[in-house]
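Reader: I am new to this structure and would like a close look at a single part of it. Please take me through that part slowly, and explain how its surroundings fit together.

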Amino acid sequence: NPVIGVLALQGGVAEHLAALERCGADARPVRRVEELAEVDGIVLPGGESTTMTRLLDTFELYEPLRERLAAGLPAYGSCAGMIMLSREVVDQDPDLSAVRPLGAMDVVVRRNAFGRQVDSFETDLDFAGIPDGPVHAVFIRAPWVEKVGAEVEVLAEVREDPDGSGRSAAVGRIVAIQQGPVLATAFHPELVGGDERVHRYFVQIVRARLNAAAQAK
Ligand code: GLN
């Protein structure tokens with residue numbers, strides 16, 4: 001079974017580990033460089049991207065993680081994890097310099113994008129590549145994707161107006177993307193019990209990578 005790490009510095013670590021295990025992965029928390037070296041894929045959970053940046057420095061993981069991602073390590077980021085995987089972050093906040101994204105995806109994301117009124121909301125999304133109906137998505141002070149490069153595939157956009165005003169800027173926003181073996185969602189599938197389809201999708205990406213590497217030998 002593929003070994004999939006969950007970056008365990010802060011945020012929704014336990015939920016991701018449990019979801020990955022249910023998808024048949026050997027899921028392990030990653031806090032040290034030696035642990036990072038052992039994984040076939042990694043999940044960057046939600047949390048706070050400013051804090052995550054600081055902790056990556058403290059644990060001396062920033063550069064090793066950036067290098068493994070640059071070398072093609074499959075990765076999945078949810079919410080703050082999506083922010084960390086991007087190449088550029090925009091934000092209203094002046095503390096923006098506190099977020100140093102890892103540049104694994106050719107996208108610009110906006111932090112805390114949905115605004116105060118709809119700080120948190122839930123909606124159903126059509127998710128390209130995921131069968132059996134819409135995916136229920138939980139957004140918590142979530143980012144959206146503002147710009148995508150040519151190699152980025154858009155997997156889901158917000159369909160319904162979350163604040164019901166009929167003029168929300170949320171409608172049509174990109175909230176799930178993939179670039180090669182790197183996947184990101186602005187929402188938190190790990191918080192929806194009983195539906196592991198997004199994690200299953202990521203585990204498939206990791207398995208496909210391992211098979212391709214084995215064939216090449
Ligand atoms: N607002 C957080 C950030 O900017 C993300 C929130 C989350 O991960 N739920 O990092």
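Author: In this predicted model, His 188 counts as buried because 24 other C-beta atoms lie within 10 Å of its own, and the cut-off for that label is 20 or more. His 188 sits in the loop between E12 and H6, and, once its neighbours within four places in sequence are left aside, the residues in contact with His 188 are Gly 12, Gly 46, Ser 78, Cys 79, Val 138 and Ile 140.

One of these contacts, Cys 79, appears together with His 188 and Glu 190 in the UniProt record, where an unreviewed entry places the feature "active site" at these three positions. Although they are spread over 112 residues of sequence, they cluster in space, with 11.0 Å as the largest C-alpha distance.

Glu 190 also lies in the loop between E12 and H6, and Glu 190 is classed as buried because it has 27 C-beta neighbours inside 10 Å. Not counting residues up to four places away in sequence, Glu 190 touches Gly 12, Glu 15, His 16, Ala 19 and Ser 78.

The loop leads on to helix H6, which covers residues 197-215 and whose 19 residues reach 27 Å from the first C-alpha to the last, close to the 27 Å expected. Within H6, the buried residues are Val 198, His 199, Tyr 201, Phe 202, Val 203 and Val 206; they pack against helix H1 (13-22) and against the strands E1 (3-7), E3 (41-44), E4 (75-78), E8 (135-140) and E12 (182-185).

Notes. Residues are numbered from 1 along each chain as its sequence is written. This is a predicted model: local features need pLDDT of at least 70, side-chain atom pairs count only at pLDDT 80 or more; totals for chains, interfaces and linings use all residues. Helices (H or I, at least four residues) and strands (E, at least two) are DSSP runs, numbered from the N terminus. The expected span of a helix is 1.5 Å times one less than its number of residues. A residue is buried if 20 or more other C-beta atoms lie within 10 Å of its own, exposed if 12 or fewer, and partly exposed in between; C-beta atoms are placed from the backbone. Two residues are in contact if their C-beta atoms, placed from the backbone, lie within 7 Å. UniProt positions are given in the numbering used here, feature names are shortened, and annotations may be inferred rather than shown by experiment.
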